[in-house]
Amino acid sequence: MSRDNFGADTTADEVLQGIDLTGKRVLVTGASGGLGAETARALAARGAEVIVSARDIDKVQDVIREIGASTGARLAFDALELGSFASVRAFAQRFLNHYDRLDLLINNAGIMACPQGKTSDGFELQFGTNHLGHFLLTGLLSPLLGQGARVVSVSSLAHTISPVLFDDIQFERRAYDKWVAYGQSKTANVLFAVALHERLARRGASAFSLHPGAIETDLGRYQSEEDRARSRAARERGVVKYKSIPAGAATSCYAATAPELEGKGGAYLMDCAIAPVSEAARDLSSVRPYAIDPTMAELLWKVSEELVGERFAY
């Protein structure tokens with residue numbers, strides 16, 4: 001397949017065709033199934049040294065065995081609970097003690113539209129897990145990110161639901177809405193990539209964010225019957241096109257490896273391409289301006305450092 005013909009149905013293996021990742025070290029979060037597992041498999045199949053993390057160690061070990069059987073690759077794994085700063089810090093310290101370099105960091109893990117709850121540190125569960133956990137992890141591992149490294153944050157089209165509402169991020173003064181909370185956390189993923197790239201670019205590294213597509217995975221475990229009915233209706237009307245898991249992992253692999261993305265860090269990707277920018281509410285093939293606004297990205301960075309209690313020098 002020509003690299004000019006990638007699209008919604010392109011698979012991770014097709015994106016990586018002809019790319020040799022021998023000698024590249026990769027960390028994929030949330031790799032106990034779904035997109036994380038497929039991303040890890042595809043990268044390992046191209047020769048990368050892959051380390052995976054997940055909350056469920058039993059599940060991730062099953063994934064590692066399956067990947068080993070299909071590719072011959074041997075993956076390393078470690079436990080990571082992104083909703084706990086203590087877990088993130090402990091994981092990062094073990095990683096720093098064991099490795100001297102990290103070439104690709106795929107911030108894939110996440111939760112979606114869950115009931116109202118808090119992380120172990122007291123933050124709204126979706127913002128705390130999807131954004132703050134990865135923000136802290138990336139910052140702690142940043143000394144390992146050198147020339148040519150890439151950090152990929154898996155966001156979502158759901159960022160169109162809500163910007164980050166800085167006056168009430170934690171839903172302390174407004175009624176909790178699980179989809180608004182999810183949308184806010186996914187906007188945070190995009191803004192994080194924008195601000196992170198500004199810092200990584202100083203050392204010749206880069207950051208990207210992306211929408212993987214609509215895929216049926218365990219991410220949807222909290223969906224109600226009403227949610228599922230709406231999804232089915234949107235699918236039947238052609239408003240949303242669902243992807244296979246191999247196609248869903250393709251944009252993550254593209255963001256991590258595509259040579260044509262050199263010099264384009266900070267971009268938000270969809271369907272293995274840089275997405276256009278649009279304010280149109282019905283435009284589902286674009287990124288909203290508020291999600292890539294440099295001023296909002298810097299504000300989120302400042303707020304995030306305050307919330308995690310650390311400042312990071314890049």
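1. Contact here means heavy atoms within 4.5 Å. With that in hand, start at F95. Leaving aside neighbours within four places in sequence, F95 is in contact with L27, I51, L102, L141 and L144. Keep in mind throughout that this is a predicted model.

2. The largest nonpolar core has 43 residues. F95 is among the residues with the most contacts inside this core, along with L27, L102, L196 and L200. The elements that give two or more residues to the core are α4 (85-98), α5 (125-141), α6 (178-200) and α10 (294-308). Apart from this core lies another, of 41 residues. Its members include L21, A42, F208 and L269. As background, nonpolar side chains in soluble globular proteins tend to be buried together.

3. Next, T29. This residue lies in the loop between β1 (25-28) and α2 (34-45). T29 has a relative accessible area of 0%, under the 20% limit, so it counts as buried. Its side chain makes a polar contact with the side chain of H134, at 2.9 Å. A polar atom of the T29 side chain also lies 2.9 Å from the backbone nitrogen of N108. Not counting neighbours within four places in sequence, T29 is in contact with S53, L80, I106, N107, N108, A109, H134 and L137.

4. H134 turns up again at a cavity. What lines the largest cavity? The lining consists of N107, A109, N130, H134, S153, V154, K186, N189 and F192. A search of the whole structure finds 1 cavity of 30 Å³ or more. The volume of the largest cavity is about 40 Å³. By class, its lining has 3 nonpolar, 5 polar and 1 charged residues. α5, β5 (150-154) and α6 each supply at least two lining residues. Of the elements, α6 gives the most, with 3 residues.

5. The second largest pocket has a volume of about 150 Å³. It is lined by I19, D20, L21, K24, D103, L104, G148, R150, A256, T257 and E262. The class count for this lining is 4 nonpolar, 2 polar and 5 charged residues. L21, one of the lining residues, is also among the members of the 41-residue core.

6. Two of the pocket's lining residues are A256 and T257. Both are buried residues of α9. Is helix α9 (residues 250-257) mostly covered or mostly exposed? It is mostly covered: 8 of its 8 residues are buried. In sequence order, the buried residues of α9 are A250, T251, S252, C253, Y254, A255, A256 and T257.

7. T251 of this helix is also a contact of H211. H211 lies in strand β6 (residues 206-211). Why does H211 count as buried? Its relative accessible area is 10%, and the limit is under 20%, so the residue qualifies. A polar atom of the H211 side chain lies 2.9 Å from the backbone nitrogen of L157. Leaving aside neighbours within four places in sequence, the contacts of H211 are S155, S156, L157, T251, Y268, L269, M270 and D271. Of these contacts, L269 is among the members of the 41-residue core.

8. Two backbone angles deserve a look. Phi of A113 is near 50°, a positive value in a residue other than glycine. A113 lies in the loop between β4 (104-107) and α5. At 1% relative accessibility, A113 counts as buried. C272 is not a glycine either, yet has a positive phi of about 60°. C272 sits in the loop between β9 (268-270) and β10 (273-274). With a relative accessible area of 4%, C272 is buried.

9. Last, I64. This residue is placed in helix α3 (residues 57-71). I64 has 13% relative accessibility; buried means under 20%, so I64 counts as buried. Not counting residues up to four places away in sequence, I64 touches V52, L75, A76 and F77. I64 and S32 are 32 residues apart along the chain, and their C-alpha atoms are separated by 8.7 Å.

Methods
Residues numbered from 1 in each chain as written. Predicted model: local features only at pLDDT ≥ 70, side-chain atom pairs only at ≥ 80, totals over all residues. Heavy atoms only, no water. Helix = DSSP H or I, 4+ residues; strand = E, 2+ residues; numbered from the N terminus. Buried < 20%, exposed > 50% of the residue type's maximum accessible area, 1.4 Å probe, protein only. Polar contact = N/O pair within 3.5 Å; in protein donor to acceptor, adjacent residues only side chain to side chain. Core = buried A, V, L, I, M, F, W, Y, C linked by side-chain atoms within 4.5 Å. 1 Å grid on protein atoms, 1.4 Å probe; cavity = no way out; pocket = protein on both sides within 12 Å on 5 of 7 lines; lining within 4 Å. Points joined across faces, edges and corners; volume = space filled by probe spheres on them. Nonpolar A, V, L, I, M, F, W, Y, C, P; charged D, E, K, R; others polar.
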